[in-house]
Every structure is written in structure tokens, then in C-alpha cells.
Amino acid sequence: MEFFDGKTALVAGGAGFIGQHLCRALLNAGARVHVVDNFSTGTGHVPDGVTVDRQDVSIIRDFRAADVIFNLASPASPIHYQADPIQTWKTNVLGAMHLLEHAMACKATLVQASTSEVYGDPLAHPQVETDWGNVNPIGPRACYDESKRAAESLLMDAVRTQNADIRIARIFNTYGPGMEIEDGRAVPNFMAQAKAGQVMTVHGDGTQTRSFCYVDDTVQGLMRLGAIDAARGEVFNIGNPNEISVAELADQINQACGNKSRVEFTQRPIDDPTRRCPNIAKAKQLLGWEPTIGLADGLGRTLGSGPIDPKVSDLFHLA
Ligand SMILES: NC(=O)c1ccc[n+]([C@@H]2O[C@H](COP(=O)([O-])OP(=O)(O)OC[C@H]3O[C@@H](n4cnc5c(N)ncnc54)[C@H](O)[C@@H]3O)[C@@H](O)[C@H]2O)c1
């Protein structure tokens, strides 16, 4: 993307799953890339050519100057964000505040990685940016859902009162090479089980739906948010509208791996959303963005290429 050529990008959370792919794409687009990350989750791999500061965004206020800031710093998997819920809250609220102050000080664009979890267990389907969501504010997922909502609220106040240059991406489930298998997210979990010839464990009866977006598509969406003026002050769903039940996903991954193991249904986590599917009309119209990589293709790339994490690549490499 020509816009980034010669620009300086600061990627908070750049050592995480999406962050690594974003850093690589920014470097390829000619940007200088700095990462700030406390290495609390993710695989901790950062591409060569990136400067890394090991810092906690909920504490630090003094970051490297940049033209564009991407705030991805946050645990993303329920296992990680529920392990230390107060730290999750601090990261998402105080971290967003510190990066906002920094963006204002260096007149940078700030792209905030929000989440489809702001819709909670949605009342409307598919989810549109104008939906207010249906979130349990005191449940075990609230540390993530509500802190991401608080960050959106803070940043939109800064748009209204301080003319801050903010763009918010509500990212839906993203998958691809480089995910950690231990973090409990559906795609790496199923892949690890199928590859090892184990029973596939599916939450509930598996009829709950998700929409999975290949990481390259998500990264393109985030970069467009940073580059295109029409995104200023706006919120966008970034996800793949191809909705699939979790049981179907398990089945598809099982088949791709040639695993004959049966599926076992386990207890559904508290407040687990029933349906998830983005309406991406706004991103199509204002950003000219839509996903280009279908699920079968993306799963094949994830299995075939081997993720960035060497621990995982042994498991994921198809014989
Ligand atoms: N992957 C998805 O499906 C998905 C979906 C919706 C939203 N998101 C959002 O996208 C972003 C990236 O997600 P991901 O899947 O790459 O997660 P990840 O856990 O792989 O990466 C997050 C990175 O943030 C870092 N981090 C966490 N707390 C920090 C802190 N206090 N200070 C500095 N760094 C910190 C971690 O060490 C890690 O490198 C997150 O903000 C997440 O909420 C992701």
C-alpha cells in the first residue's frame, strides 16, 4: 500500500499473532516499524527489521514517535484475558488512553483494534456497526468485552472533543499461521487435535456460529483503515461474512487433516455468543475492502505453510 512508503508505524502488541503479520505487511509497504509489546501473550516473534521496546502500554506513556499507530496490545483469547482480568482491563483502558495521548502529541493517526465482542451475544444478525450490543457487564468475559467498549467510548470522545484522528476496527475471529495452540482459540485448537489424531472437543452442541477471516485479509483491512481518510472518526467491522457453525468448522479441519476421530461435545463457556457474523457493507463502501481468501483456502494455507511459531509448526505441517 503506497501510503505507508517512508512512513513510521508504531505497532502496540506487534509481537502477537495479528501484529506479526501486520508488521511484515507494513515493512513490505516501505514503512519503518516500531513495536511496543510486553510479551505477555502471543508467540513473541517479530520480523527482522522491526525495532522492539519491551514495555507495558498500561504503564508506559513515552513511546517512539510515529505517523500511524496501531493499537493491538491486548490478550485476545478467553484463556489469556480471563487469566488476569484486571490486567486485561488496565491494558485495554489505560493502554488506549496512553496511546491516544501519544497520538495527539505526535499528530498521528491511531487505529484501534477493537473486537466483535463489543456486540456480546448479539440481538441483531448479522452485526452492523450501529448495533449497541448485548454484553453482560459483570460476567467472566466482561474484563475484555467491556474494556474494549470503554476504549471505543474514550476514543470517540477524543474524536468529538479533541478532533483526534482515530479509526476503530471491530475485528471478528481471525486465524492463520502463527497462532498459539495453547491459547484455546477454535482454529488452532482443532488443528492441533486433528493433526495429533485426537478426539475433537467442541463447546456446547456446536451449533453456535462464527465467521473466520484469514489474517492477511484482516491485516489489509487494518492498513486501509490507517491509510484512507474516509476512515477518520469511523468504526468498521473487519471480518469475513461467511458464517459457519463451530461443529462444521471442526468437521472441515478434521477432513483436511485426514483425522477419523469422533467429536466430543463439552460444556459451553459462560456468556459464549450464539452467533457471530459481520455486516461489512460499510468497509466495502468506504474502504473498498472485503476478504478475498475463503475458509478452505485459508485453512490449507494455515496447515500447509506451518505457522511462525516453531513449537507449533511441527504439529501443523502436513505430511
Ligand atoms: N485474533 C482475533 O481473532 C481477534 C479478534 C478480535 C479482536 N482482536 C484484537 O486484535 C488484537 C491482536 O490480537 P491477537 O490475536 O494478535 O492477540 P495476541 O494475544 O496474539 O497478541 C496480543 C499482543 O499484545 C501484547 N500485549 C498484551 N498486553 C500488553 C500490554 N499491557 N502492553 C504491551 N503489549 C501487550 C501481547 O504480548 C501480544 O504480543 C487484540 O487487541 C485483540 O483484542 C483479535
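Guide: Welcome! A polar contact is a pair of N or O atoms within 3.5 Å. Please keep in mind that this is a predicted model.

Visitor: How many Å separate a polar side-chain atom of Thr41 from an oxygen atom of the ligand?
Guide: Thr41 is listed among the closest of the residues that surround the ligand. The pair to look at joins a polar atom in the Thr41 side chain to a ligand oxygen atom. With a cut-off of 3.5 Å for a polar contact, this pair qualifies, because the distance is 2.7 Å.

Visitor: Which residue has a side-chain N or O atom 2.5 Å from an oxygen atom of the ligand?
Guide: The closest residues around the ligand are Asp37, Thr41, Tyr144, Lys148 and Thr174. One of these places a side-chain N or O atom 2.5 Å from a ligand oxygen, and that residue is Tyr144.

Visitor: Which residue brings a backbone N or O atom to 2.8 Å from an oxygen atom of the ligand?
Guide: Here the backbone takes part, with an N or O atom 2.8 Å from a ligand oxygen. The residue also belongs to H1, where it joins the contact with H6. The residue is Ile18.

Visitor: Are H3 and H4 roughly parallel or roughly antiparallel to each other?
Guide: The axes of helix H3 (residues 85-105) and helix H4 (residues 142-162) come within 8 Å and cross at roughly 15 degrees. Angles under 35 degrees fall in one named class. H3 and H4 are therefore roughly parallel.

Visitor: How many charged residues are in the contact of H3 with H4?
Guide: From H3 the contact includes Trp89, Val93 and Met97, while H4 brings residues including Tyr144, Lys148 and Leu154. By class, the contact has 14 nonpolar and 4 polar residues. The count of charged residues is 1.

Visitor: What is the angle between H5 and H7, and is their crossing left-handed or right-handed?
Guide: Helix H5 (residues 186-195) packs on helix H7 (residues 246-256) with the axes 9 Å apart and an angle of about 40 degrees. That makes H5 oblique to H7. As for the handedness of the crossing of H5 and H7, it is right-handed.

Visitor: How many nonpolar residues does the contact of H5 with H7 have?
Guide: H5 offers Ala186, Val187, Phe190, Met191 and Ala194, which meet Val246, Leu249, Ala250, Ile253 and Asn254 of H7. There are no charged residues in this contact and 1 polar one. The number of nonpolar residues is 9.

Visitor: At what angle do H1 and H6 pack?
Guide: Helix H1 (residues 17-28) and helix H6 (residues 215-227) have axes 9 Å apart. Their crossing is right-handed. The residues in contact include His21 and Leu22 of H1 and Val219 and Leu222 of H6. The packing angle is about 65 degrees.

Visitor: Which residue is joined to Pro126 by a cis peptide bond?
Guide: Look in the loop between strand E5 (109-115) and H4, the place of Pro126. Omega of the cis bond is about -10 degrees, and the partner of Pro126 is His125.

Visitor: Which residue has a positive phi although it is not a glycine?
Guide: The residue sits in the loop between strand E2 (32-37) and strand E3 (51-54). Its phi is about 55 degrees, and the residue is Phe39.

Conventions. Residues numbered from 1 in each chain as written. Predicted model: local features only at pLDDT ≥ 70, side-chain atom pairs only at ≥ 80, totals over all residues. Heavy atoms only, no water. Axes fitted to C-alpha atoms, helices over the stretch in contact; angles between N-to-C directions. Helix = DSSP H or I, 4+ residues; strand = E, 2+ residues; numbered from the N terminus. Parallel < 35°, antiparallel > 145°, perpendicular 65-115°, else oblique. Left-handed = near helix turned anticlockwise from the far one by under 90°. Contact = heavy atoms within 4.5 Å. Nonpolar A, V, L, I, M, F, W, Y, C, P; charged D, E, K, R; others polar. Near = heavy atom within 4 Å. Polar contact = N/O pair within 3.5 Å; in protein donor to acceptor, adjacent residues only side chain to side chain.
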